[in-house]
Amino acid sequence: MRHLDRHTLAHAAAGVLAGAVGMSVAHLTAALLTPASSPALAVSTAVIDATPTPVKEWAVRELGSADKPILIGSVLLVTIAFAAVIGVIARRRLWLGVGLMAGLVLLAGAAVVRQPLFEIANLVPTLVALVLGPGLLVLLTRALTAERTPSHRQDTPDEGAATRRSVLIGFGALALLSAAAATGGQMIVRGRTALADIMLPRVRKPLPALPAGLEETHQGISRFITRNRDFYRVDTKLAVPIVDQNSWSLTIDGDVDRELTFSYDDLRARENVEYDITLTCVSNEVGGKLVGAARWTGVPLKELLEEAGVGKNADQILSTDVEGFTISTPLEAAMDGRNAMVALGMNGEVLPRTHGFPARLVVPGLYGYVGATKWVTKLTLTRYDEATAYWTDRDWAIDAPIKLSSRIDTPRPLSNIEGGRTVIGGVAWAQHSGVDTVDVRIDGGRWQPAELGPDAGIDYWRQWFMPWDAEPGSHQLAVRVTDRDGNVQSSERATPFPDGSSGIQEIVVTVT
């Protein structure tokens with residue numbers, strides 16, 4: 001039985017190695033061509049599209065920015081498990097195992113074909129996996145079979161040991177090849193996402209520098225300006241699109257007087273502006289971290305639409321990214337005078353690839369899923385009853401104004417702090433209406449006004465703090481915001497689906 005288990009495990013390992021090398025080298029090939037054509041990433045993307053909305057919400061809420069690596073890892077683990085079973089099957093019925101391995105690769109290829117902007121060249125990584133996976137399975141299975149044939153058992157001990165060493169060396173070399181290919185692929189993708197020799201467009205009327213935030217004096221409060229590397233990222237992309245700005249263009253079509261197309265240099269040459277705007281993801285829970293504030297550089301969206309000539313029938317902008325993903329934005333939000341823009345820069349730098357390079361939409365006051373299309377390449381003016389976008393097809397709300405919300409950053413929930421004079425602090429946002437006041441409640445008592453940090457306009461968040469003489473024991477802390485129109489943050493609890501969360505954040509801390 002022990003002898004049988006050893007050989008079974010060896011064949012399972014052969015299946016895993018064959019599958020791993022095939023996937024890793026295919027991933028490396030995709031990194032050199034089109035990262036999204038990696039079979040592993042294509043399958044993961046298909047899983048995202050097929051995942052029910054409540055599960056997606058749970059993943060974003062519980063896993064945050066780690067949701068993509070965990071998803072890819074889960075797909076790889078399932079694939080490895082299948083490959084192990086195929087390896088065991090190949091021990092007895094080699095060609096059945098080969099067929100199953102090929103079928104596994106072809107399933108991944110089907111996911112590649114289903115991508116919105118599929119091209120024949122995108123199948124190259126799949127073909128690489130189709131050759132390597134089954135081919136290595138044959139070689140490894142035959143090597144294991146040869147290692148334990150009667151003729152080898154009749155050889156001298158030294159010859160038998162040499163054969164086993166050769167098999168082990170081969171297994172080890174393939175494992176190293178798989179690791180090297182996977183690592184190399186990731187390094188190439190990271191290298192290709194780096195931006196060099198691209199200058200931020202000049203702004204003719206720059207805004208004054210934003211003032212220092214409360215984080216300078218009160219540790220634990222979120223930075224007034226969210227650094228690019230810290231800015232939240234929620235999208236459906238498992239591989240960041242690698243867009244060549246020299247061939248990229250932005251087209252405005254649909255219900256317009258004239259269809260217009262702008263190159264990257266066209267937009268850079270226009271009079272660029274700067275706006276200070278906070279963005280929020282609709283998946284952000286009360287007290288969540290999926291919100292960030294930045295200074296954006298770009299071209300006013302309204303100017304571009306007016307230049308194209310807005311028709312009389314359209315009520316939405318159906319924006320499309322470079323991979324065919326779509327978002328619906330209410331046309332009114334682009335035309336009502338708010339600082340909506342096609343952004344080319346972020347916090348004084350060229351827009352990072354992870355945040356939409358070469359260009360993205362930024363529409364203040366709307367959740368990202370209806371107003372912040374990244375990697376945008378087309379704006380089509382149409383009607384909601386004529387065309388629907390990715391999220392509206394999944395029953396999210398059409399019009400999604402950001403709800404009033406506030407967050408306690410310090411002290412942290414369930415933390416233990418020392419008694420005495422301390423500070424309760426955080427951030428609040430009333431996007432496109434402006435924060436008027438922030439109030440704090442301790443242990444269910446009366447609401448007390450907090451002090452506000454610097455003001456960067458109605459589309460930007462406000463930091464706040466309140467001194468607190470903390471006495472020993474367990475305490476409940478709550479916060480709420482009131483906007484400049486007199487609207488008070490709702491205490492009614494609501495989940496993010498279908499139009500954003502609401503409720504009052506209340507945390508518990510222990511004072512020692």
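1. Start with a pair of facing residues: in strand E2, Leu 250 has Phe 262 as its bridge partner. Strand E1 (residues 249-254) and strand E2 (residues 260-263) run antiparallel and are joined by four bridges. The connection between E1 and E2 is a hairpin of five residues. Two strands count as paired if DSSP finds at least two bridges between them. Helices (H or I, at least four residues) and strands (E, at least two) are DSSP runs, numbered from the N terminus.

2. Before going further, a word on what you are looking at. This is a predicted model, in which local features need pLDDT of at least 70, side-chain atom pairs count only at pLDDT 80 or more, and totals for chains, interfaces and linings use all residues. Residues are numbered from 1 along each chain as its sequence is written, and side-chain values use heavy atoms, with hydrogens and water left out.

3. Now the overall picture. The protein has twelve helices and 19 strands, and its C-alpha atoms fill a box of roughly 90 × 70 × 45 Å along the principal axes. Of its 512 residues, 52% are buried; buried means under 20% relative accessible area, exposed means over 50%, and partly exposed is in between (1.4 Å probe, protein chains only). Take the contacts (heavy atoms within 4.5 Å) between residues at least 6 apart in sequence: 75% of them join residues at least 24 apart. The accessible surface is about 23500 Å², with 56% of it belonging to carbon and sulfur atoms; the areas come from the Shrake-Rupley method with a 1.4 Å probe, and for residues only the protein chains shown count as cover.

4. Back to E1, which has another partner to look at. E1 and strand E10 (residues 376-382) pair in the parallel sense over four bridges. Here Asp 253 stands opposite Thr 380 in E10.

5. Next, the five-stranded sheet. This open sheet runs in the order E12-E19-E18-E14-E15, with mixed pairing. Strand E12 (416-417) and strand E15 (447-449) are at the edges with a single partner strand each, so one side of each has no neighbour in the sheet. E12 pairs with strand E19 (residues 505-511) in the parallel sense over two bridges, and Asn 416 stands opposite Thr 510 in E19.

6. There is also an open sheet of four strands, in the order E11-E13-E17-E16, with antiparallel pairing. E11 and strand E16 (451-452) take the edges, each with a single partner strand, so each has one side left without a neighbour in the sheet. Strand E13 (residues 420-429) and strand E17 (residues 462-470) are joined over nine bridges in the antiparallel sense. Within that pair, Val 427 has Gln 463 in E17 as its bridge partner.

7. What about the interior? A nonpolar core here is a set of buried Ala, Val, Leu, Ile, Met, Phe, Trp, Tyr and Cys residues joined through side-chain atoms within 4.5 Å. The largest one has 60 residues, of which Ile 252, Leu 267, Leu 301 and Tyr 369 touch the most other members. Helix H10 (residues 301-308) supplies the largest share of this core, four residues. Leaving out residues up to four places away in sequence, Leu 301 touches Ile 317, Ala 334, Ala 340, Met 341, Val 342, Leu 361 and Leu 379. A second, separate core has 21 residues, including Ile 424, Val 440, Ala 450 and Leu 477.

8. On charge pairs: the whole structure has 19 salt bridges, each defined as a side-chain nitrogen of Lys or Arg within 4 Å of a carboxyl oxygen of Asp or Glu. Asp 409 deserves a look, with salt bridges to Lys 289 (3.6 Å, N to O) and to Arg 407 (2.8 Å, N to O). Asp 409 sits in strand E11 (residues 405-410), and Lys 289 is 120 residues away, in the loop between strand E3 (273-280) and strand E4 (291-300). Asp 409 is buried at 4% relative accessible area, and Arg 407 is buried at 3%.

9. For a pair with other surroundings, try Arg 383 and Asp 385, which meet in a salt bridge at 3.3 Å, N to O. Arg 383 is partly exposed at 28% relative accessibility, while Asp 385 is exposed at 59%. Elsewhere, Arg 233, Asp 235 and Lys 374 are joined into one network by salt bridges that share partners.
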